[in-house]
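Colleague: I'd like to go through the charged contacts in this one with you, and then look at the pockets. Could you bring it up so that we can start?

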Amino acid sequence: MKKSIILLALVTSITTGMQAASTQLQFDPSQGVERTLTMPTGQTVRYTAYEKLWYVTHVEDTTYQYMNVYVPEGATQHSAIFLKNNVGGYMPSRPGTISAGDATGMALLRGYVVAIPGARGRTSSVTIKKKQVYNGKAPAGLLDLKAAVRYLRHFDKEMPGDAEHIISDGTSAGGAMSALLGASGNNPAYEPLLEKMGAAQERDDIFAAVCYCPITDLAHADMAYEWLYGNTASRQADDEAHRQVSKEEAALFPAYVNSLGLKLKDGTPLTADNYLDFIKSEIMRAAQIAKDAGATIPDSIGFTFSTEGGTFAPLNGGMKPDKMPAGMTPPKGGMMPPRGGSKRVGEYITDLDMTKYLNYVAQTTPLKTAPAFDALGVAGNEASGENDEFGDASNNPANFTPYSASKNGTTVSETVKANELLLNPMQQIGSGQATVAPHWYIRHGAIDRDTAFPIPLNLALKLQNAGKDVNYLLAWNRPHSGDYALHELFDWLDSLPK
Ligand code: DHB
């Protein structure tokens, strides 16, 4: 049935957002526009675009609170829906369109219905009675995305695609949002907030969450960061005040990680005592996968290798030994002797010097300040993006960890505590309060220092321990980035039991 928009108030132009009006939720299948996407490979996909779909009835910000949906030719009611958010830096994000170069293009090519919602963020504001009101602070962005999920369920019958197979995708702060969509399904804690916005009265659990480098578990990200990087040369070169902060934060991590009660796949308890070994094994696993695929893994950054190489085919064509490619060594008893001093590098990675490796990561991209996230007012630091995310409607940033609040002679306010919990997937997994997505794909780059490795790893293990299907990797040589290895991602998504 066609539902018409009823504007109950005038649309008012304001500084950074548009304060709008009350509407009814609507989806009109006849309003689609035909388009064609050309992929970088030259392949083309015809699709129908449905844009400006308001996903709440009380639209506060017309710049962000709507969604675009794209339906590829051939999609049916059974096609899965790929819901990509464009959140970065906890900033507001406009609803995107299909992009041939990112995951949305690949999703369309593979026959997925693609939904790209906008969301308010930490700097978005509206003007109400001539006053600028910051209405995008935590957890507003997540609420918008949850409302988008509910909208897709609300119109599931009218729209191609199966709302029982929503796959969320996001990177960094967007990866955190994706993790939250996966972990917070139907949690009653969000209900009054969603109701106030006029989100559809539907379930908001999803089928799968794809999380690239999720900047999440903000309450514990500082301690993990200093525990991991506190001994690097880079951190040791900091001034005394920052080194002291680093030491104090690092000391908080063991109790936290032990409190999670995580277990490795073989049942071994994961504690602060064996956590560094776990990270080491994960980096080695990622590097081995890359090496198996032909990457050159340098030994200068801490790796050791088995000494016997694989089989070298004999060189043909009369190549002289001094013309052999650098690093190439012929087989034992093969046609040519190794070049002077060149090292045999075997097929297996056998060890990793974590001190060397962590120094390498910190050299690749300078570390964040200490504390990395809840920086406000600690050792002379300015507010971070995360302090801003937990700020108030007047745009005052806030501390969100007891440690940093105490350095400012305060405690974390009850409001901020509640918002941090609403923005943290960790406590929701296994709590019985939420319907957690059954399938997870988590990637964090092996040279990504935007948050410390334990953050995505804790998330992955907590989910795995809760019986979820988790495909996770510290992806080799990837910096802070997302939507990569798309063939691998979509082969995995295609393989999920429907
Ligand atoms: C993002 C990166 C960060 O380092 C951070 O602290 C928060 C968000 C981002 O890229 O979204």
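Modeller: This is a predicted model, and a good place to begin is the salt bridge between R150 and D204, whose closest N and O atoms are 2.8 Å apart. R150 sits in helix α2 (residues 140-154), while D204 belongs to the loop between α4 (191-197) and β11 (208-212), so this pair ties together parts that are 54 residues apart in sequence.

Colleague: Are R150 and D204 buried or exposed?

Modeller: R150 has a relative accessible area of 3% and D204 has 1%; buried means under 20%, so R150 counts as buried, and D204 therefore does too.

Colleague: Which residues are linked with R150 and D204 in a network?

Modeller: K146 and E191 are, and together with R150 and D204 they make up a network of salt bridges.

Colleague: How many salt bridges does a search of the whole structure find?

Modeller: The search finds 26 of them. Another one joins R120 to E60, where the closest N and O atoms are 3.3 Å apart. That pair links distant parts of the chain, with R120 in the loop between β7 (113-117) and β8 (125-128) and E60 in the loop between β4 (44-54) and β5 (66-72), 60 residues apart.

Colleague: And how accessible are R120 and E60?

Modeller: R120 is buried, at a relative accessible area of 6%, whereas E60 counts as partly exposed, with 33% relative accessibility.

Colleague: What about R235, which residue does it form a salt bridge with?

Modeller: The partner of R235 is E226, and their closest N and O atoms lie 2.7 Å apart. R235 is buried, with a relative accessible area of 2%, and E226 also counts as buried, at 1%.

Colleague: Changing topic, what volume does the largest pocket have?

Modeller: Its volume is about 690 Å³. The lining of this largest pocket consists of 35 residues, and those closest to its centre are E60, R120, N135, A140 and K196, so two of the names will be familiar from the salt bridge between R120 and E60.

Colleague: Which elements each supply at least two residues of that lining?

Modeller: Those are β8, β9 (131-134), α2, α4 and α12 (414-422), and α2 is the helix in which R150 lies.

Colleague: How many of the lining residues are nonpolar, polar and charged?

Modeller: By class, the lining of the largest pocket has 19 nonpolar residues, eleven polar ones and five charged ones.

Methods
Residues are numbered from 1 along each chain as its sequence is written. This is a predicted model: local features need pLDDT of at least 70, side-chain atom pairs count only at pLDDT 80 or more; totals for chains, interfaces and linings use all residues. Side-chain values use heavy atoms; hydrogens and water are left out. A salt bridge is a side-chain nitrogen of Lys or Arg within 4 Å of a carboxyl oxygen of Asp or Glu. Helices (H or I, at least four residues) and strands (E, at least two) are DSSP runs, numbered from the N terminus. Buried means under 20% relative accessible area, exposed over 50%, partly exposed in between (1.4 Å probe, protein chains only). On a 1 Å grid over the protein atoms alone, a cavity is a set of points where a 1.4 Å probe fits but cannot get out, and a pocket is an open set with protein on both sides within 12 Å along at least five of seven lines; lining residues have an atom within 4 Å of a point. Grid points are joined across faces, edges and corners, and a volume is the space filled by probe spheres set on the points. Ala, Val, Leu, Ile, Met, Phe, Trp, Tyr, Cys and Pro count as nonpolar, Asp, Glu, Lys and Arg as charged, and the others, Gly among them, as polar.
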